[in-house]
Amino acid sequence: MSAEPPSATLSSNQLLEMYYFARLARDVEERLVILFRQSKVIGGLYRSLGQEGESVGTAYALARHDAVLPLIRNMGALMTVGVRPLEIFRQYMAKGTSNSRGRDLNIHIVHLPDRGADEPVIVGPISMLGDSIPVAAGIAMGARMRASAPPMVAMAWIGDGATSTGAFHEGLNFAAVQRLPLVVVAEDNKYAYSTPIAKQMAVASIDERAAAYGIPHVMVDGNDMLAVYDAAKTMVDAARDGQGAQLLGVDTMRMQGHAQHDDARYVPKDVLESWTVKDPIARFRKTLLDRGAATAADLDGVDRMTREYAAAEADLAVDEPMPDPAAVTRGVYAGDDYAIPKVELVRSPFSGDR
Amino acid sequence: MAVITYLEAIRQALFDEMGRDERVFVIGEDVGAYGGAFKVTEGLIDRFGEARVIDTPISEQAIVGSAIGASYMGMRPVCEIQFIDFIACCFDMLTNFAATSRYRNGAGASIVVRGPSGGGVGGGPFHSLNPEACFLNTPGLKMVAPSTAYDAKGLLKAAIRDDDPVLYFEHKFLYRRIKDEVPDDDYVVPLGKADVKRAGTDVSIVTFGAMVHTALDAAARLAQDGVEAEVLDLRTLAPLDRETILASVAKTSRALLLYEARRTGGIGGELAAIIAEEAFEYLDAPILRIASADTPVPYAPPLEAAFLPSVEKVVAGAKSLVGY
């Protein structure tokens, strides 16, 4: 007889909070689409449609002081660790008020809390995919060297394409050898830009990558939020307990193109249709109703709340000033600090049980 | 005060800094029990343990990437690249991640990346690099290249205490050939300051690293023929000490730029541009670059000797400027 899964102990409030974060991620991105069509987003817009569930389910398994290294499709993780949506809108519109002061794109944000603060370390990606993994290993190593108490776990998300990079291999191998508290979430979302996973790797399942490093790995249905949470929580606990690096493979689907400009006509229609019915938020909604954790009215209330919150945050950001061109050369070196490695963090209305 | 080698000075700086700041650690290939390919890190593991002297897989991206991550957590990593040629394997991590981090998000990467550079020892195409030109076009990085034991120790201590990523190019030809007096006490050689190694009035030889010694030998020979060369040791290659460079050229009116890397696209081009833009009216002769040939670094000693700058080439070059 198997032990109860970790999700069995989540309160109704916590389950509602997970639903809230997934909805908020989707609604923030819906607002970004509107801003993109109004040419207010600078550059590309990368949706996580269909992947919000795995992003939230994995991040929800972390403690508040843990480190996260998200990729562009991990809006759900950013919402879960408490990044205020305003910060995302500012970034996408290259505002002078943004975390990067208009120097860098989308979710390329960094939050380095003061030592001992009960806040997440957030290190956004750079566009050289895979580079986050060695950096995540270093964050886990640095925290361990500074004997942080309670011990910190670093979680890094990576797409199937990025697992083909040398940096991914070097970083995860090093983390495995050093038994660092790192959990890598490897997302099989079927396409890296236009390249299908069959042209990305010859292993049958993305989590088998981990076999090369001798670390625990498991594959989970990425559109089942509680299954994702259970698998992630087990790995986060093991990593925190000193059992070393872990790899969680998630089976999911990128429901739109690489970015808004990409109509993704290379994805067969029947494949998209087969995943549409597996939408993680709709499934989670049904799970909550079936468990009696929430009523339809509760969930409709959350839907309204996240939609209005995302809209209000977008409205706040839209009229904020662009960066001052005179500041273009500032902040390259220390002593002339300009961008600040802090983002505003908020708690959800359902945070009481965490 | 004791007379020690250039290599011992680097090692002393590591011992000192790890002793005074628990955030400093060393990470690289074979740096632990073996003490590094050139024994620079010898003994560190006995004093500081394997938690602070970390042997890694052959993974330069992991060495530098994990150093960046650790620096975000407040640590002060010193990465050893076993031969600096292998810095190409982590070029991405240095130029895209470390160098941009402060500008993008205010998150400075306080890391040092050091390693044996340069030729003259029969190292061949992959163990002889002088990599400064590969990084000169990347704002956010600093670069130093000491020529003496005194500077080797003082610059490394300054680099470790610096809040920005610093590339520290130690010249392997100098490791055991150069000895000078080095204080036992704590001192730093500030980044960004060049040093006039020999004062002169007739021609400025602007150089750094092992070429400082080539320049000094050339200057001694030139003096026998009545030509007084000024030898300027840049010490820091980014940011350049423009003031000292321009002051020297204003004084001598002739500039000879001596560097061991390949000639084309090298640091000498940037130095020439600075001088041409800001000291043009002082010049009495064309600016002259003396550097290595535009080829991969050859292996056989006669080939490498022909490839590298030499005292003879510098003497001839300086005379051509004075006689212009």
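In which sense, left-handed or right-handed, does H5(A) cross H3(B)? Keep that question in mind while loading the model, which is a predicted one, and begin the tour where the two chains meet.

**Stop one: the helix pair between the chains**

Select residues 132–145 of chain A, which form helix H5, together with residues 60–72 of chain B, which form helix H3; these two helices pack with their axes 6 Å apart and at an angle of about 50 degrees. An angle between 35 and 65 degrees counts as oblique, and H5(A) is therefore oblique to H3(B). As for the opening question, H5(A) passes H3(B) in a right-handed crossing.

Now show the side chains where the helices meet: on H5(A) the residues in contact include Pro134(A), Ala137(A), Gly138(A), Met141(A) and Met145(A), while those on H3(B) include Gln61(B), Gly65(B), Ile68(B), Gly69(B) and Tyr72(B). Coloured by class, the contact of H5(A) with H3(B) shows twelve nonpolar and six polar residues, with no charged residues.

**Stop two: the whole contact between the chains**

Widen the selection to the full contact, to which chain A gives 40 residues and chain B gives 32 residues. On the side of chain A that touches chain B, the elements giving two or more residues are H5 and helix H6, the latter at 166–177. The largest share of that side, ten residues, comes from H5(A). By class, the side of chain A that touches chain B consists of 24 nonpolar, nine polar and seven charged residues.

**Stop three: the sheet of chain A**

Hide chain B and follow the open sheet of seven strands in chain A, whose order is E2-E3-E1-E4-E5-E9-E8 and whose pairing is mixed. Its edges are strand E2, at 110–111, and strand E8, at 217–221, each of which pairs on one side only. At the E2 edge, select residues 121–123 as well, since this is strand E3(A), and E2(A) pairs with E3(A) in the antiparallel sense over two bridges. His111(A) can be found there opposite Ile122(A).

**Stop four: the sheet of chain B**

Turn to chain B, where another open sheet of seven strands with mixed pairing runs in the order E3-E2-E4-E5-E7-E6-E12. The edge strands here are E3 at 53–55 and E12 at 236–238, and neighbouring strands are turned by 20 degrees against each other on average, direction ignored. Strand E6(B), residues 142–144, pairs with E12(B) in the antiparallel sense over two bridges, and Val144(B) stands opposite Thr236(B).

Finally, select residues 149–161 of chain B, helix H6, which lies across strands E2, E4, E5, E6 and E7 of chain B and runs at about 160 degrees to E7(B).

Conventions:
Residues are numbered from 1 along each chain as its sequence is written. Chains are lettered from A and ligands numbered from 1 in the order in which they are written. This is a predicted model: local features need pLDDT of at least 70, side-chain atom pairs count only at pLDDT 80 or more; totals for chains, interfaces and linings use all residues. Two strands pair if DSSP finds at least two bridges between them. Helices (H or I, at least four residues) and strands (E, at least two) are DSSP runs, numbered from the N terminus. Axes are lines fitted to C-alpha atoms, for helices over the stretch in contact, and angles run from 0 to 180 degrees between N-to-C directions. Angles under 35 degrees count as roughly parallel, over 145 as roughly antiparallel, 65 to 115 as roughly perpendicular and the rest as oblique. A crossing is left-handed if the near helix is turned anticlockwise from the far one by less than a right angle, and right-handed if clockwise. Two residues are in contact if their C-beta atoms, placed from the backbone, lie within 7 Å. Ala, Val, Leu, Ile, Met, Phe, Trp, Tyr, Cys and Pro count as nonpolar, Asp, Glu, Lys and Arg as charged, and the others, Gly among them, as polar.
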